[in-house]
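Visitor: Please pick one helix and take a close look at it with me. After that, I would like to see how the rest is put together.

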Amino acid sequence: MATDGDEYKLSVQARGVAMQFASGQTVVRDVDLTVRRGELVSLVGPSGCGKSTLLRMIAGLLSPTSGKLSVSVGSTDDSRTAFVFQDSNLLPWRNVFDNIRLPLELRGLPMSEQRAAAESSLSLIGLKPADAVKRPRMLSGGMRMRVSLARALVTRPALLLLDEPFAALDDLLRQQLNEELLRIWRQQGWTGIFVTHNVAEAVFLSQRVLVMSQSPGRIMAEIAVPFGASREPELRSTAEFAKLTGEVSRCLREVGR
Amino acid sequence: MKRSLQVILPPIVLFAIVIAAWHFAVIGWEIKPYLVPKPMRVWETTIANWRELLGAFGLTAAAASCGFLASLLIGTVIACVFSQSSLIRRSCYPYAIFWQTVPIVAIAPLIVVWFGTGFHSVVLVAFLISLFPIITNGTNGMIAIDSDLLDLFGLYRATRWQVLWKLRLPHSVPFLVTGARTSSGLSVVGAIVGEFFAGNLTGRYGLGYVIYQAQSQVKTDRLFAGMIFSAVLGLAIFGLSTVIGSTVLNRWSDPTGSETSRR
């Protein structure tokens, strides 16, 4: 029954997953990946290695051309996967509030439920009620990303997939949002896969860092991050942190050759 | 005050110069009035017939507006259909382009044959000429959508109808505004051309018919008056659609419509 217990904990499992586009180009090859429930895992790799493609396959937006990919999010409806895109991807004709409640609106929930969920998502992400009526055009890049995150969290996802969400932000803002993302993860306990090319961000956020090779991408190394779930900003200036980021960087250099 | 004077004054001065040059050219070269009437003569004809001309102006404006609004509505619906499948687009687009290249003057007589003369035929010509920009701009706006946005809707299992209603249609608004600006100008052209062929109604007629009639009777002063009224109509409709368009665009991406003042 031990295997059953493991099965229960399993959230995302990929075995020999490959993706070949219609053009014949193989983007992802022989990917083996296991993400346990409640884990926050980072995926790093050189640009164009297929990180985003892999994430899209896990989201169900693309189907692998070969291999086996199973995603069990632990509830009867599989619609509890949320995705945060690299661009905030907000609808410019809707205000912040209407952008956040969009997933629930598409699902046909009553307005009262949409409102309640959007309001709690808004405060969770650190936005003021006054921001709710603003249009995306009036927000800064960091604020837009917060709204995008709030929209993903409004569905109370079991699996949150993040595709380089903070890549366009300056470093200070990125660190701040990393800390908040970590706080929300501790609070809500979803399973997360975080794609990034920023090594410090990967180490700070996750329990494990997976390193992908150049295209066609496959997972070449796995580095465990031994820090606890609760992490202070000061962690970034410790020697252990520097050692880990150094190790991940070295791995990246090796696969980049 | 000084600034607005700087804006207004030069075109007024130019206008005065052109009118004066026109006046003295007619006198100096002894141009026959049936070729080019003196500006004063045009003015007198306009004043003498202002009631009739204003009525014609109203009728043409009504025909152009009806044709334009119909093209906006039906063009948007056609764009919605086009946005649903690339097969539909690939089948219909060559004909849509062909349609645009057929000069409307060539179609107007056929419309008279099929639908007779009258207001409805004039509206139909105005509608047909303004339809194309709405279809192309609207279709572009509905298909030129970032793939991430389509993925977002796909992730939340949005239905085809939801994608159309909540993504494609609102996304196409700025494109439709651009198309509408072009179409509004074309609708005036359509209405006037339509009136050349189909506008001879008993008792009521538009600017196109005034121009057509003045031409056949060699009343050039009247012809000029009709032209001036047509120009004013074109300007008015274009201006109106530009103002409405920018209001719509402001509301589209800004709830208060006064973003600059809030900053």
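Guide: Let's start with helix α8 of chain B, residues 160-171, where Val163(B), Leu167(B), Arg168(B) and His171(B) are buried (20 or more other C-beta atoms within 10 Å of a residue's own, against 12 or fewer for exposed and in between for partly exposed, with C-beta atoms placed from the backbone). Looking down the axis of α8(B), you find these buried residues within an arc of 85°, so they line one face of the helix; the arc is taken from the directions that run from the helix axis to the C-beta atoms. The partners of that face are α3 (50-83), α6 (119-143) and α7 (147-155) of chain B, where a contact means C-beta atoms, placed from the backbone, within 7 Å.

A word on conventions: this is a predicted model, in which local features need pLDDT of at least 70 and side-chain atom pairs count only at pLDDT 80 or more, while totals for chains, interfaces and linings use all residues. Residues are numbered from 1 along each chain as its sequence is written, and chains are lettered from A and ligands numbered from 1 in the order in which they are written.

Stepping back, chain B has twelve helices and zero strands; both are DSSP runs numbered from the N terminus, helices being H or I with at least four residues and strands E with at least two. The radius of gyration of chain B is 23 Å, well over the 18 Å from the globule rule for 263 residues, so chain B is more spread out than a compact globule. That radius is taken over C-alpha atoms, and the rule is 2.2 Å times the number of residues to the power 0.38. The C-alpha trace of chain B spans about 75 × 55 × 30 Å along its principal axes, and 35% of its 263 residues are buried.

Now for the neighbour: 17 residues of chain A are in contact with 18 residues of chain B. Chain A holds nine helices and nine strands. Its radius of gyration, 18 Å, is close to the 18 Å of the globule rule for 257 residues, so chain A is as compact as a globular protein of that length.

In chain A, six strands make an open, mixed sheet in the order β5-β6-β7-β3-β8-β9, where pairing takes at least two DSSP bridges between two strands. Its edges are β5 (81-84) and β9 (219-224) of chain A. Strand β3 (residues 40-44) of chain A pairs in the parallel sense over four bridges with β7 (residues 191-195) of chain A, and also in the parallel sense over four bridges with β8(A). Val41(A) has Ile193(A) as its bridge partner in β7(A) and Arg208(A) in β8(A).

Four of the five residues of β8(A) are buried, so this strand is largely enclosed by the rest of the structure. With β9(A), β8(A) pairs in the antiparallel sense over five bridges, and the two form a hairpin with six residues between them. There, Leu210(A) stands opposite Glu222(A).

Terms used: Two residues are in contact if their C-beta atoms, placed from the backbone, lie within 7 Å.
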